[in-house]
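Here are some short exercises to work through with the model open beside you. Try each one yourself before you read the solution.

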Amino acid sequence: MELYVVRHGQTEYNRKNLFQGHTDIPLNNVGIEQSKKLASKFRNIELDIILTSPLKRAIQTAEYISNVINLKYYICLIFPYNLIFAYY
């Protein structure tokens, strides 16, 4: 089994060196381009599943990868003692 872990692209908070935590900040233009470039690296890699957090920046990054390899992604919600997946 191989596991690929990626980080979302840049946000305005990243650019300004601000802590964003769970604040739902989307990708900025640089982050969009970074995510597109990252997605292209997965073009010839066979994935079984894409999991992402429910934050906009993570979903945007997952969507770019999803579109390149034509694979749906799942939003992963973690509650105490439960792991819930939502299909997109």
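**Exercise 1.** Find the residue with which Glu33 forms a salt bridge, and say where in the fold the two partners lie.

*Solution.* Start with the distance: in this predicted model, the closest N and O atoms of Glu33 and Lys36 are 3.8 Å apart. The cut-off is 4 Å, so the pair counts as a salt bridge. Next, place the partners: both belong to helix α2 (residues 29-40), where three residues, about one turn of the helix, lie between their positions. Finally, check exposure: Glu33 is partly exposed at 48% relative accessible area, and Lys36 is partly exposed at 40%.

**Exercise 2.** The structure holds two salt bridges. Work out how Arg15 and Glu12 are placed in the one they form.

*Solution.* Take the distance: their closest N and O atoms are 2.8 Å apart. Then look at the helix: Arg15 and Glu12 are three residues apart in α1 (residues 12-15), so about one helical turn separates them. As for exposure, Arg15 is partly exposed, with a value of 47%, and Glu12 is also partly exposed, at 31%.

**Exercise 3.** Describe the largest pocket and its lining.

*Solution.* Begin with volume, which is about 620 Å³. Then turn to the lining: it has 21 residues, with Tyr4, Val5, Ile49, Ile50 and Leu51 nearest the centre. Two or more lining residues come from each of β1 (50-52) and α3 (56-69), and α3 gives the most, with four. Lastly, sort the lining by type: 14 residues are nonpolar, three polar and four charged.

Note on methods
Residues numbered from 1 in each chain as written. Predicted model: local features only at pLDDT ≥ 70, side-chain atom pairs only at ≥ 80, totals over all residues. Heavy atoms only, no water. Salt bridge = Lys/Arg side-chain N within 4 Å of Asp/Glu carboxyl O. Buried < 20%, exposed > 50% of the residue type's maximum accessible area, 1.4 Å probe, protein only. 1 Å grid on protein atoms, 1.4 Å probe; cavity = no way out; pocket = protein on both sides within 12 Å on 5 of 7 lines; lining within 4 Å. Points joined across faces, edges and corners; volume = space filled by probe spheres on them. Nonpolar A, V, L, I, M, F, W, Y, C, P; charged D, E, K, R; others polar.
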